[in-house]
Every structure is written in structure tokens, then in C-alpha cells.
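Got the viewer open? Switch on side chains and follow along, one selection at a time.

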Amino acid sequence: MSATDFFPVDHDVLDAVSNGWYHAPHDVLGPHPYNGAITVRTIRRLADEVFIETKDGRTPAVHEHNGVWRAVLETSDIPDYRIVAVYGGIEDTADHPYRFLPTVGEMDTYLFSEGRHERLWDLLGAHVRSFDGELGKVVGTSFTVWAPNAKAVRVVGDFNGWDGTAFAMRSMGESGIWEIFIPEAYEGARYKYEIQYEDLSWHLKADPMARRSEIPPSTASIVTDNHFEWGDEEWLAKRAATENHCAPISIYEMHLGSWRPGLDYRSAAEQLIGHLKYCGFTHVEFMPLTEHPFTPSWGYQVTGYYSPTARFGTPDDLRYLINELHKAGIGVIMDWVPAHFPKDEWALARFDGTPLYEDPNPLRAEHPDWGTYVFNYGRREVRNFLVANALYWCEEFHIDGIRVDAVASMLYLDYSRSDGQWQPNVYGGRENLEAISFIQEVTATTYRQNPGIIMVAEESTSWPGVTARTDNDGLGFGLKWNMGWMNDTLRYMEEKPINRKWHHNEITFSLVYAFSEQFLLPLSHDEVVHGKGSLYQKMPGDAWQKLAGVRELFAYQWSHPGKKLLFMGQEFAQIEEWNESRGLDWWLTDDPAHDGVLSLVKRLNEVYREHPALWEEDFSPAGFEWIVADDADSNVIAYLRKSSDGSDVVAVVCNFSGIPRIDYRLGLPFAGRWNEVVNTDALEYGGSGVGNLGAVRTDDVPWNDRPYSAQVQLPPFGVLYLVPGADDDEPNAPVDTVADVEVAETADVVVANAPIPPVATVVSAAPETSEAEEVETADVVVANAPIPPVATVKPADEGAGSAEQSAEPAAGADEPADNPWLGMPGVLPFEDPDREPLGDYTIVEYDYTDTASVNAPDSEAPDSEPDYSANADGVYLQARDWLPAEDFAARTNEVDENKATKSDELDEDTQSLMEAAQNAADEFLSVPPAVESLDGRETLADTSVEQEMPEVGEEKEGVLIGTVLTTLINGASILPMRDVPPPQV
């Protein structure tokens, strides 16, 4: 066969191929049958010799032009071959990219051209592939990119020394897709596309479909593959079988980079899950996880729509985080930004030298607020890019919901534009018809492909039908952010209480439109950044009032129709506004007052999950009834939340004024007892302890158009949740109005239970002794805790006895049936690490002088009530749980052994201080409180509380708000309400 009998190529074409700017390099390079032989051309610049190696041996090649070498194989079938290039006597053997058929099929290109390729990430981008051949298995990467207006495209990367002249891609015709398979381009290799514009200039571009990227500020794409094994099948099956829009949804919104700086996807899993589980949130919403170059953009200026940001790890690391969240029963929502993209030259902007992804119309192309480009929603391929991206996150990362950012900017052609800066649609209107069609397509497709997911719209206008079905001309979202509720509520809460009566409509107006859409109530990152201040800073008043305002805001939000969203840091009332460059002030959780806010959020989520009334009918007027909507003078609103079948009802009362409302009459639909399951003013939340001792009972007095009513004690800046309870139940301990305290092992506990007016926050007493200050562990237990009307401290002259007298236990004290603890409903939780817990809490030491005549009920009958009518002088402490009779004897013996020792420690000075404290309390009760301000807080001038101590077992008319008497092991002290230690988490 003649050496000149080879496949001919025009010189100009050969020159273009040799320089890497020919649009069809596979037509020249690689194997080509011609006259019964195979002509092979390859580019090997600066090589001394080149051979084509097959299983039958080597065929020498000749240099043809500008680094192009040619060989003719004497065979009619295209063989498996390798290129052997010799440089200075050293051989380099490599496979040849141009011997492989296209990895893109005709159906793929057709679907993409029609805008209907729902797994576009399988078509475009970089994909590791392998092929078997006579010379062995070949592993490499296929690269596919859409650039319809490019003159030429080539791949550069770690695998070719970033020289793309020998790796030009081939055009796949009218589809605009370019493709090449590069052997030995392995997973982990960095790469970019080198694109030639119409003006013949070359530009390096990151892959729009890259599934992994370099850590910013580096911008290369990275070849990746999915190796993660999911373990959330049970979660996905449950999700698909649940109507999630009608389920409880309580979302924790967070920015991963500043939640706790330094965490990556994997290390965040344990800490984040622990926090979410403690707080009780049902979902976590991540601000955009897609790749972005500018950190202060928070991810809202996306350059890698298919690439999780590399700041926190690999795509499989993110899969691990989501998988662990699912296994913990927590859903994952991700912010998504299809409204605009940045102008970075190496990314999507002018990708092939023309407005490709962005709208070509200059009156639509740019977003005036953010200096970014707007997508061309009218182009099928661009819509396909975005629709497939939503599917990608749901299917490849098991995302449970997508919150679409800036929907309003997509809907209106004149958004943030003045007259003359926008062009009407074909009907002369301001609606962006192409964007509307795109939104409908993405919501309908995503719901169809992923059962159980949630599509959420951040839409700030009154656009109709955001959550209506697409077949009814709606946008098809499942939820819409209620920006009106957020704006009105925060504006109202920022007002001083004295002015709120003039803004009452701002707190009630949301119910005019609450059921026009399926709303989510957001307190998001946008409201606590850029000078807006944190929620804490928005509240008027002093520090105590600010925290009380945050608590009442949360309780109001959690009870209002609509799903819930809270931004990170606000759950413990972060003081400073959010800044993405620093972490949250987690140290605030060491402050009892801020930790109390965290405890309230935990309790709200518990009650929220437990009561279908608070979420089952969020989108229907059937789930809401006003009780009080017009009491502007009192700054009070009240309403009912109801489940779909009416079996669960929650009455919510909000007092937005700074003073308690004593004996506020509230209409209720049912007679009997209503339990107080939430009180934002509870001590454990940092409140002042104003409440209803765990329950209220109705009177046969019609009120508020209801057949029954009750006199309710409304705390200042407080919200109450009341639920119907069994009428024959004893009042449960008000879990929400109790102070959790820690008791040292040798602590003596004294609890006073006098009916003190609700604003009594300070009572004077003798100062603490120096010995008390020297005590290493603060043996203080309780202040201002609402306790059932059982006198537990008697004045000394009424038989309480001295310390010496109380050192000896009464006869029969070790008998369980004679002990007054047995069978008492508890009100105070205690924790002691040195003791074995009984139930949820641990029993502490107690003091008594005479219990022989006290009749305790059987421990097996918790509904019975102890008889305290007998003389029961002494000190008693109630445990939260029922103490089993069989456990009590051992505990009593242990206590008795310690009594004598501890009694000896109480000297005469200490006894005097205790008596002085009691006398101070008695004196306080004898004088009606005057109107005054305590640290800026308003107080009441009159009260219906009887100004005397009740006898044992006697319940006086009025309200038992709590106590202020606190006794130390070496002294006595009267603590203000604000100084009461809160619970330890």
C-alpha cells in the first residue's frame, strides 16, 4: 500500500486543527477508514518520533503539519490503539481522545433542545466513564458543555498541562453542545473550558454543570463522582406518604459558615443535629449551598448551580450531613436562586461571547438592585438548565424542600425599574410571562418527580395564586413567605407599649388575608442584618423587657396560622445583629436570661408538635376564631386555634402591654378547667412568674360571645396557651412557670409560699452573712415559684421551732405513708449529679418537725390530694414526680442521717436572718404596693390579693403568683424576680 494512500485533509482545516480551533476535530484527528486502510492522525508537538501501537505491533507516524502526525494502518477495521510519543529517548504512551464515539445520544440532544431533559446533569458536565478494549480497560472523563455561539471549545486541566490545543471538543450540531472523552482524566482533576468567541478571542470558563468546584477564591471545576451510600430510605418513604403542607413545620434557618465557624459538612452534623433536636425544629433551611465566589453574598450570587460550595467539603460530605439529618428525623430545605446570577467573567456571564443564559433584551437583562444578570426565561435550554437544577438537588442530595429566592423580582418586568427602564409584555402589562411560565414548570415538575417535597416562595407582593395549583393558573408553590405579617408584626413590636394601642391594627390585620395563601411566617436573616438590628435590639425597653418582648413574639408567631421559620441566633435572643464574618454569640446561652429564651423555643416546639390545633388547619378559617380582637386599650388579643375535627383546641392570649392584667375575663367555648401549657413569663424562661398556677377554671358567665369565661392573670409582655383539661383532674404543676434549680448535696431548702401580689419583685431583708458568701456552691434553691396553696414555712412564733428542734425527725417519719411528700403533685424540678434520679428528677433533703398527723395519700393514687388540715409545721419541698413508696424508706433514712449534721450548721445568726426574711415578707404583704418602676418595669397600684398569710390548707381569694423568699445554707436573702436562677440546660 502506498504511503501516500491516506485520508486527505485540506491544509487550512489541518492548520485549524493543529491550533485547536476547529469546530469538528474528530473529522480530522483519530482513525478514519480510507481505501481499505485506517488513517490515524494525532497531535504530538515537539515529539522526536510517534508510533501507533496496536496488539499487532507499532506503526511509525510521519509529521504532517504543526505538530500533527499521521500513520496508515493496513487494516480495514478500526483497532484499539495507543499513541507512543518519544521525547529525547523517553517514550510516553497514552490513549487517544479522538478514537471514541460521542457520549451524547440523539435523544439527549433532542430533549435538551426541547427544554425537557429532566436529568440534564447526566448529559452535560464532566462524567467519569470507562470502556473495555483489546489493550485493556480505559478510564477517563467525558466533557460536555452547551455553547451554541462559540467558534471553538476545548478542555484544559490538570490532565493536559492546561494546554487545550490538543483537546478541542467537537460540535454536536444545532443542539449547541460540545463533547469530548479524555482518557486518563481522572476523578479529582481540575478543569475549565476554553471558549473562542466570535472575535476569535479565548476565554476560560468554569463548567456551568460542574458538580464540584475549587474552594474560592480559586474558580476551576473538579471532576467528581458520587460514592455515597444513602441510609434514609425510611425517611423518604415516610415523606412520600405524608401531606407535608398540612404537617407541623417549624424551620430553623441558618448560614452554615457563621453558625459555628470552622465546621465542615461532616463535623457540623453532630453539633447541628444536637441543637435542632434539643430545640425541636422539624426542618433546617440552609441559605444557598451552591458555589459562589463572594462570601458576603451569603450564596445568593451563584456561579455553580450544580456544585455544593467547597468551603465545607465535598459533595459526598454534604450528602452525609443531609443523610444524618434525615436519620434524626429532620427535614432539609435549601435556598435556591433562579432569579439572577453574577457577572463574573469566568462563570455564566456571556458564556459563549453572547447573552446565553441572560436575557438578551437590555431592558430585562440586568437586575438594578444587585448588579447581576437576569435569566432568559423564554429560552428552552435556559429553562431546562434551571428546572433540572431544582430536580438535581432533590434527587441527588435528597433535599426535602426548595425555598425560591426573590420570586417577586421574577414576576414583574418593572421590578425596581422606573418608567422608561422597562418594556411591557406582548399584552401591554408589567407581568413577566416567560418567568411565570418557568415558575409553573419548575414547581409542577419538582412536585411530580419528588413526592413529599415542599416548594416555598419568597414572594413579597400581593401576587394572586402563589400557592394555587398550576392547572388553576397558580404558580404552584406549596408555601409562601408571609412578608406582610412579618413587617406588620415587627413594626408593632418595635413600638413602645404605651403607643401600641394606636397601632393595634398592625397586629390584627394579618388575619384579614391569612387564608388567602398557604403561608409561612418568617423571622429570617433579612430582618437581623445590615443595620436592622437583632430581634432583641428591635424590642423597646430595658434588657428584661427586650427579652420578654422576644419571648412574646415567638409565642405569638408559633400560635398564628401559618408554618414557622426562625433565623439562627434568635432562638437565644442574640444581642448583636447577624454578621456572616463572625460566629453566633453562643456564650449568651450561659446567661440565664438568654438561656430562658432558648428554653421557651424548645417548649413552643414541643407544644406545637403535640397539638394539631396549631398546624392542622393553618390554611383554613376553620382553624381560627377570634376571642378578643379589639381590646386596643389593653394591648390584648386572644383567639382559638382548632384542629380539623375540633378535638384539639388551644386558646391563645397575648398581652402586649408592659403591665400584668389581673383577673382579665376571657370568653371560652368549654366549661371546666383549662390548663396553662405555655406561659412566656415563667421563671424558667427568665420571666417574672406571673401566671395562673397551671390552670384556670371557667365560670358560667357568658363573655366574648362565648357561653363561659374565666378570670385569667395575664403576665406583662406575655403570652398564654390554654388547653381544655379533664374537669376532675387536680391542677397540674405549671411546668411553664417553674424555676429549674440545682441543689447542692448538703443544701437545706426553704420554700415560702405566701400569696404575693404579681408585681412584687423586691422585698427587703437582712443582708447575707459573710459565711453565705464563702459557700462555694450556691445553695439557693427557689425564688418566686408558683406553688399550690400549702403553707410550707411558718413563723417561728407559730411553732416552726428552732434548728435544734427540727434536728430530730418525728416518730414514724421513716414510714412512707406518713411522709407528706408521698403523692404530692410536683412543681419544682431538681437535678443533682451526685444522686440517682427518681423519674426525671432527684429528691433533695427536706426539713420537718411534726408529720405524724399529716395524712398522705397512697402513692398508687396520684389523683388523690394530701390532707394538710392537720398541724404540719415545718419545711417541705415538693418533687416533680410521684415518689414510689418502696423507694421512700431508703431515701428517708439517708435524709435523717444528714439532718442532725446540717442542723448544727445553722447558728443563731442564720436563724435570725430566716426570721427577719419572713417578717419582711409579712410586712410587705400588709401594705398595698404603690405604682413604681423597678428597673424600668411598670407595676400595678392595686390588686385583689388578700394581704395575709393563709392557714395551712386554706386557699385565699386572689392569685398566688409566687414567692420571693429564698434561704441560703448560711443565711437568708430576698431576691428580685429578675435575679432568679433559670433552668440549666
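Start by selecting phenylalanine 624: at a relative accessible area of 9% it is buried (under 20%; over 50% is exposed and in between is partly exposed, with a 1.4 Å probe and protein chains only). This is a predicted model, where local features need pLDDT of at least 70, side-chain atom pairs count only at pLDDT 80 or more, and totals for chains, interfaces and linings use all residues. Residues are numbered from 1 along each chain as its sequence is written, and side-chain values use heavy atoms, leaving out hydrogens and water.

Now add tyrosine 639, which is buried as well. Its ring and that of phenylalanine 624 make a tilted aromatic pair, 5.1 Å centre to centre with 35 degrees between the planes. Rings of Phe, Tyr and Trp (its six-membered ring) pair if their centres lie within 6.5 Å; planes under 30 degrees apart are stacked, over 60 edge-to-face, the rest tilted. The two residues are 15 apart, phenylalanine 624 in strand β29 (residues 624-631) and tyrosine 639 in strand β30 (residues 636-642). Strands here are DSSP runs (E, at least two residues), numbered from the N terminus.

Next, jump to strand β2 (residues 37-43), where seven of seven residues are buried. Show strand β1 (residues 30-34) too: β1 and β2 pair antiparallel over five bridges (pairing takes at least two DSSP bridges). Click histidine 32 and you'll find its bridge partner in β2, threonine 39. On the β6 side, threonine 39 stands opposite valine 72, and six bridges join β2 to antiparallel β6 (residues 68-73).

Technical notes. Helices (H or I, at least four residues) and strands (E, at least two) are DSSP runs, numbered from the N terminus.
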